[in-house]
Amino acid sequence: MKVVLLAGGFGTRISEESQFKPKPMIEIGGMPILWHIMKEYAYYGHTEFIICAGYRQEYIKEWFANYFLHNSDVTFDYRDGKNEMTVHSNHCEPWKVTVVDTGYNTMTGGRIKRIQKYIGNEAFFMTYGDGVCDVNINELLAFHKSHGKIATLTAVKLKQDKGILNIGGDNAVKSFREKNISDGAPINAGYMVLQPEIFNYLKDDTTVFEKEPLEQLVEEGELMSYIHTGFWQCMDNIREKAMLEKLLASGEAPWKKWTREVPKEYQL
């Protein structure tokens, strides 16, 4: 299945780096977070990607244009007036990557609408280009197929970072306890599976995918949630980037599954 990645936003909350490059191209562990997400999907056998670019879209195209060269052993021969390049070996992933300029100011739904011709009449994965997780992609797909609805999103609960107060009617604090993961409200973590009918819900460049389209799907009973209780983390600011960097440096990055063999039951 094809994987659509939203990578066109400005990343204003991490402007220290996004002023120079698109947010999904900000590096953790020496590689763009976008690459990490693609590695997640490729681990489960999904290796055809469509990147919805916008802000600094040329940066993404140039990065992938040079990716083969930067991951190959090459000889450059300029002798006798020649200009020859010989590739001895390369270490690139066997991916097909389509980078589409979906507009500078286009909203998320509009970006997805613009890549419709690259999808055709088939289901596809879709996620945001700024968050990593250890969701089992093929279990997510199996869940989507089991219910027959148009859309499935992955839902996670964010842990509260404050203590919890029980306040009475007289404003007196009746009890206090430390936060608990169950105190968090479920949020849309991306990692979606969408049927091609989703394009009927996308009007134009002004369509915000998370507003009218998802709200209409909810009203029609066509949106399901795959509950993920494992790791998920977006990279909205420098603090979160540093946290992801620390996990990678320590060898404890939960999303980095590609160094392990895919279990047979999860192979395509």
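# Exercises on a predicted protein model

Thr 154 is found in strand β10, residues 151–157; helices (H or I, at least four residues) and strands (E, at least two) are DSSP runs numbered from the N terminus. This is a predicted model, in which local features need pLDDT of at least 70 and side-chain atom pairs count only at pLDDT 80 or more, while totals for chains, interfaces and linings use all residues. Residues are numbered from 1 along each chain as its sequence is written, and side-chain values use heavy atoms, with hydrogens and water left out.

## Exercise 1. Thr 154

Decide whether Thr 154 is buried or exposed, and list its contacts.

Solution.
- Step 1: take the cut-offs, with buried under 20% relative accessible area, exposed over 50% and partly exposed in between (1.4 Å probe, protein chains only).
- Step 2: the relative accessibility of Thr 154 is 1%, so this residue counts as buried.
- Step 3: count a contact where heavy atoms lie within 4.5 Å. Leaving aside neighbours within four places in sequence, Thr 154 contacts Leu 140, Ile 187, Asn 188, Ala 189, Gly 190, Tyr 191, Tyr 226 and His 228.

## Exercise 2. Two positive phi values

Compare the settings of Asp 80 and Tyr 191: is each buried or exposed?

Solution.
- Step 1: Asp 80 has phi near 55 degrees, a positive value in a residue other than glycine. Asp 80 sits in the loop between β5 (72–77) and β6 (84–90).
- Step 2: with a relative accessible area of 76%, Asp 80 is exposed.
- Step 3: Tyr 191, also not a glycine, has a positive phi near 45 degrees. The loop between β13 (186–188) and β14 (192–194) holds Tyr 191.
- Step 4: Tyr 191 has 1% relative accessibility and therefore counts as buried.

## Exercise 3. Helix α2

Find how many residues of α2 are buried, and state what follows the helix.

Solution.
- Step 1: α2 spans residues 33–43, and 10 of its 11 residues are buried.
- Step 2: the buried residues are Ile 33, Leu 34, Trp 35, His 36, Ile 37, Met 38, Lys 39, Glu 40, Tyr 41 and Tyr 43.
- Step 3: Gly 45 follows α2 and has a positive phi, near 95 degrees.

## Exercise 4. The nonpolar cores

Identify which residues touch the most other members of the largest nonpolar core, and which element supplies its largest share.

Solution.
- Step 1: a nonpolar core is a set of buried Ala, Val, Leu, Ile, Met, Phe, Trp, Tyr and Cys residues joined through side-chain atoms within 4.5 Å.
- Step 2: the largest such core has 46 residues, among which Ile 51, Tyr 191 and Trp 255 touch the most other members.
- Step 3: at least two residues each come from β1 (2–7), α2, β4 (48–53), α3 (57–70), β9 (131–133), α6 (137–147), β16 (232–234) and α8 (238–249).
- Step 4: α2 gives the largest share of this core, 7 residues.
- Step 5: a second, separate core has 24 residues, including Leu 6, Cys 52, Ile 119 and Ala 155.

## Exercise 5. Leu 6 and Val 100

For Leu 6 and Val 100, give the strand, the burial and the contacts.

Solution.
- Step 1: Leu 6 belongs to strand β1 and, at 9% relative accessibility, counts as buried.
- Step 2: the C-alpha atoms of Leu 6 and Thr 108 are separated by 7.3 Å, although these residues are 102 residues apart along the chain.
- Step 3: beyond four places in sequence, Leu 6 contacts Pro 24, Cys 52, Thr 108, Arg 111, Ile 112, Met 126, Thr 127, Tyr 128 and Gly 129.
- Step 4: Val 100 belongs to strand β7 (residues 96–101) and counts as buried at 10% relative accessibility.
- Step 5: Val 100 and Gly 54 are 46 residues apart along the chain, with their C-alpha atoms separated by 8.1 Å.
- Step 6: leaving aside neighbours within four places, Val 100 contacts Ile 50, Ile 51, Cys 52, Ala 53, Ile 115 and Tyr 118.

## Exercise 6. The chain as a whole

State how many helices and strands the protein chain has, and what percentage of its residues is buried.

Solution.
- Step 1: the protein chain has 8 helices and 16 strands.
- Step 2: of its 268 residues, 45% are buried.
- Step 3: among contacts with a separation of 6 or more, 73% join residues 24 or more positions apart.
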